[in-house]
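Please open the model in your viewer and keep the selection panel at hand, since this tour moves from one selection to the next.

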Number of protein chains: 2
Amino acid sequence: MERAVSTSTSSTGTQAIDRAALLVATVVRADEPLSFLDLHDECGLPKSTTSRLLTALERTELLERNASGSYVAGPLFWLYATRHDQWDELVRLARPTLERVSKDTRETVNLSVTRGDRVVQVAQVDSTYMLGTRDWTEVDVPAHCSALGKVLLAYGVLDVQQGELEQVTPSTITDREVLQRQLAQVTRRGYASTVDELEIGLTGIGAPVRGSGGEVIAALGVSGPSTRLENRLDELGRLLNDRAEQLSGLLRRRTRKEGVA
Amino acid sequence: MERAVSTSTSSTGTQAIDRAALLVATVVRADEPLSFLDLHDECGLPKSTTSRLLTALERTELLERNASGSYVAGPLFWLYATRHDQWDELVRLARPTLERVSKDTRETVNLSVTRGDRVVQVAQVDSTYMLGTRDWTEVDVPAHCSALGKVLLAYGVLDVQQGELEQVTPSTITDREVLQRQLAQVTRRGYASTVDELEIGLTGIGAPVRGSGGEVIAALGVSGPSTRLENRLDELGRLLNDRAEQLSGLLRRRTRKEGVA
DNA sequence: CTACTAGTTCCATTATATGGAACTGGATTC
DNA sequence: GAATCCAGTTCCATATAATGGAACTAGTAG
């Protein structure tokens, strides 16, 4: 009986596992409870097989059924999640994106999040190299004059600090009014920039990365000499926004089923 | 050919999946890279089978190999982790423990963590009922007079607040010196208590819960009328420490292999 | 060069997964 | 309260797909 084709780069002796893994991946990626039928449709396996596999996956704690009988990721996934810092995982998932941006722009790329009321860089591609361990470079750069900081401020992940805004260079914005107007613009355009505001000759551009619920959780950006970047702000801003959007898509719970609109 | 016995409550038509799941579970639970041979030994499957299954699991993103070729949890696990809040997962994993303590003691049981410099309750079993959603009861109780707060202070998860220590009841400790000595005792005994310090007639007892690296991440405790609890402090302290220890074990990366000491 | 150790590939064998069809059990309708 | 439908499970004959011993390969040490 000639089956359509083997799925992907066919392998031998693992049909059952490939199918089971397909079910697990579907559930995890969907990130919303999927009913038996959802899975049956989505994965295109015969009912009996689907049933058998799901039962086995539930027994082995890879999947679990919620109160209404739909399937969700099982205890093994929880266990993993509690043991691993979610920023760590963000970094792992973001890595390809960072490298892509690095390749696109040839500039220093980084990803920042807030920790308390500080902006910390959690990953960086610098020519080639990437900060790895938990001991992150806690760059203590004032948020109001860095591009990534502005992104986080603009989307309300961080609040503008109390008191005086430090005048780091002659270009630094110290007027709260002006800053607020600029932040509003950031949300409109979808990217932030700083030219010479943090350091003379240094330009940075950043865009927001959104998490599961659509809330901004991080900022993706590039920085480099103003000479190379200052007249490409918009181009790079769009690029970053694009890439950040893609990354967000990866993090976002797939809102509905993918089949029908 | 009579095989020893079927594993567990044998099921039909899923040998391959059961075995594959066993491999995945072993890797995830170990939470340290396991080599091919580790898995071969640990799971007791023939080499060829192990190899075949591992290859399939890697292909399907359930597992992944690190630089040195050892197996670790794959992209699907990362994805799950970034999408889910680790406190959420802590609550899920802790639920059975909480319920057990509830059954043991018949008192209100809760689990607290720090968020910023506040102590927040993330789960509670109260007679029967459990807070579920993300909108946690942010009990804003001063740390220095609650048992869970003391645990978090004692283990340095939280710092004793600046300024005056509020005198909530006549029994509240307001002398930093005295508090420090008591906190030292907490780490020695493995549990903390407050009798009438937060509210007259209210006693609480708490013990530390440790995370992946062995660091304290939460506190597990019970509270109830002093009349019922004040002369069982040590007994309950031990009980809680015990249960908290068990929960910690669940969260802790299994430090070495389990086989040989 | 020889002897290991770690892991992959082969391939004959058959145990094992498969899937169509029959079945169950709970809603929903008439 | 029977009849109908839908979601999901169980059955079972079939042959496909997983199995595992042994041969093989690659890398390392002695």
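Which residues come nearest to DNA strand D? Bear in mind throughout that this is a predicted model, and begin by selecting DNA strand D together with the 17 residues around it, of which A:G13, A:T14, A:Q15, A:A16 and B:S48 come nearest. By class, this surface near DNA strand D has five nonpolar, eight polar and four charged residues.

Now turn to the DNA side of the same region and colour sugar, phosphate and bases separately: of the atoms of DNA strand D within 4 Å of the protein, 65% belong to sugar or phosphate, and the rest belong to bases.

Next, select the phosphate oxygens of DNA strand D and look for their partners on the protein. A backbone N or O atom of A:T14 lies 2.6 Å from one phosphate oxygen of the strand, while a backbone N or O atom of A:L37 is found 3.3 Å from a phosphate oxygen. From chain B, a polar side-chain atom of B:R19 lies 3.0 Å from a phosphate oxygen of DNA strand D. Switching to a cartoon view, you can pick out the elements that give two or more residues to this surface, namely helix 1 (15-30), helix 2 (36-43) and helix 3 (47-59) of chain A, together with helix 1 (15-30) and helix 3 (47-59) of chain B.

Finally, select chain A as a whole, whose secondary structure comes to nine helices and eight strands. Of its 261 residues, 49% are buried, and the chain exposes about 13000 Å², with carbon and sulfur atoms supplying 47% of that area.

Notes. Residues are numbered from 1 along each chain as its sequence is written. Chains are lettered from A and ligands numbered from 1 in the order in which they are written. This is a predicted model: local features need pLDDT of at least 70, side-chain atom pairs count only at pLDDT 80 or more; totals for chains, interfaces and linings use all residues. Side-chain values use heavy atoms; hydrogens and water are left out. Helices (H or I, at least four residues) and strands (E, at least two) are DSSP runs, numbered from the N terminus. Buried means under 20% relative accessible area, exposed over 50%, partly exposed in between (1.4 Å probe, protein chains only). Accessible areas come from the Shrake-Rupley method with a 1.4 Å probe; for residues, only the protein chains shown count as cover. A residue is near a molecule or strand if one of its heavy atoms lies within 4 Å of it. A polar contact is a pair of N or O atoms within 3.5 Å; within protein, one must be able to donate a hydrogen and the other to accept it, and residues adjacent in sequence count only if both atoms are side-chain atoms. Ala, Val, Leu, Ile, Met, Phe, Trp, Tyr, Cys and Pro count as nonpolar, Asp, Glu, Lys and Arg as charged, and the others, Gly among them, as polar.
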